[in-house]
Amino acid sequence: MNLSQGRPYLAIPGPSVMPDRVLAAMHRPAPDIYAGALIDMTASLYPDLRAVARTAHHVAIYIGNGHAAWEAANTNLFSRGDRAMALVTGQFGTSWANAVERLGVRVDRIDFGRNAPADPARLADALRADVRQEIKAVLLTHVDTASTVKNDVAAIRSALDGTGHPALLAVDCIASLGCDPFEMDLWGVDVMVGASQKGLMTPPGLGFVWFSDRAAERCRASDLRTPYWDWTPRAFADEYWQQFCGTAPTHHLFALREALTMLVHEEGLEAAWARHRRLAGAVWAAVDAWGQGGDIRLNIADPAARGNSVTSVRLGGAAERLRAWCEAQAGVTLGIGLGMESAVDWLRIAHMGHVNAHMTLGALSAMEAGLRALGVPRGDGALNAATEAIAGA
Ligand SMILES: *Cc1c(COP(=O)(O)O)cnc(C)c1O
């Protein structure tokens, strides 16, 4: 006997669960890319993309994944030989810094480890030490998908402002967009990077870069720009094809249209943030309860520094076995640990995108059953704690 038959649930931090409506929106013949419905539909995406980033500024769409969106941001931001400051709080911060460096940008890294957010005071010290004000941009990951730490973007902005340093602030929101509160304009973010396959509930293949007027102005002469990556024609296109530097990603755009309708116009962005927070709370409560009687704990001790969309959990020695059990016996696939000291000890639970209470409670129940079946020592009451969190009791 096996209990995994039924609809599988991929609870990894991207690609996230996609609504059937989003998938169905792609099920159509190839549209004309020179005239007709596609053109008007594409125009309708931009106001909604601004809404999810909370900005009145500009957005460029790329055919590519998150790494492509990084490349887009990097090439527009920098010239060869420029300096950047990377605030590293997990594997994704490291990867972004490495990608910038490969382009010939000099990158100063401040590494805050794997279980704490970036400390604004240390950034301020580093900026003050840059007396010639050479650092052109500070790179920050809002929620690092590996450590699952959430950085305080507004506090980082204040540190920048407090020193009077003119560096731009660029933020990777790929894991947090649509899941965690984020305010591009209110928080003074100059450049923001996103992708389709996480909180935006759309298949992997679209990357986004939002940029302020200040960033547009300061980056006008960046010499790493190439015709393909240049954000200017994409954001200020005179002709349709310029928005994608060639053929549009037609079916992805129809999918995104449906996803943004659901997120922005039906559920509402703030309600989606609140839903993700509540689901995250259930996961945190369950893990805390397991930890009362075993070698199990959340990576991030401070709830204020945890992302709403994914949770990194230490399950001493049992993480791989539990992941295997949950997938084979319960039809739920949990995320592997990433960028931690030992892969066998860590896993990640995603609660990102088109996910509701029964899915998160189901994943936690499957984990409880797996821990039991595998004889892993743990505290009692995890499911009780999770249901209390869901109930808001
Ligand atoms: C997923 C993710 C990326 C990378 O996206 P890909 O689509 O895998 O290239 C980068 N940064 C963060 C924060 C992410 O969550």
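In this predicted model, a polar side-chain atom of threonine 145 lies 2.3 Å from an oxygen atom of the ligand. The ligand taken alone exposes 380 Å². Of that area, the protein buries 90%. Histidine 67 also approaches with its side chain: one of its polar atoms is 2.4 Å from a ligand oxygen atom. Glycine 66 makes its approach through the backbone. There, an N or O atom lies 2.7 Å from an oxygen atom of the ligand. These distances fall within the 3.5 Å cut-off for a polar contact.

The surroundings of the ligand comprise 13 residues. The closest of them are His67, Thr145, Asp172, Gln197 and Lys198. By character, the shell divides into 5 nonpolar, 6 polar and 2 charged residues. Helix α3, which spans residues 66–77, gives the most to this shell. Its share is 3 residues. The space that the ligand takes is the second largest pocket.

The overall fold was examined next. The chain contains 13 helices and 12 strands. Its C-alpha atoms fill a box of roughly 60 × 55 × 35 Å along the principal axes. The radius of gyration of the chain is 21 Å. A compact globule of 393 residues would have a value near 21 Å, so the chain agrees with that expectation.

Two backbone features stand out against a general background. Most peptide bonds are trans, and most residues other than glycine have a negative phi. The bond between glycine 14 and proline 15 is cis. Its omega is about 0 degrees. Proline 15 belongs to the loop between strand β1 (9–11) and helix α1 (20–25). Arginine 54 provides the other case, with a phi near 55 degrees. That value is positive, and the residue is not glycine. Arginine 54 is placed in the loop that runs between helix α2 (37–53) and strand β2 (58–63).

Terms used: Residues numbered from 1 in each chain as written. Predicted model: local features only at pLDDT ≥ 70, side-chain atom pairs only at ≥ 80, totals over all residues. Heavy atoms only, no water. Near = heavy atom within 4 Å. Polar contact = N/O pair within 3.5 Å; in protein donor to acceptor, adjacent residues only side chain to side chain. Areas by Shrake-Rupley, 256 points an atom, 1.4 Å probe, with all protein chains shown as cover. 1 Å grid on protein atoms, 1.4 Å probe; cavity = no way out; pocket = protein on both sides within 12 Å on 5 of 7 lines; lining within 4 Å. Sits in = over half its atoms within 2 Å of the grid points. Helix = DSSP H or I, 4+ residues; strand = E, 2+ residues; numbered from the N terminus. Nonpolar A, V, L, I, M, F, W, Y, C, P; charged D, E, K, R; others polar. Rg over C-alpha atoms; globule rule 2.2 N^0.38 Å.
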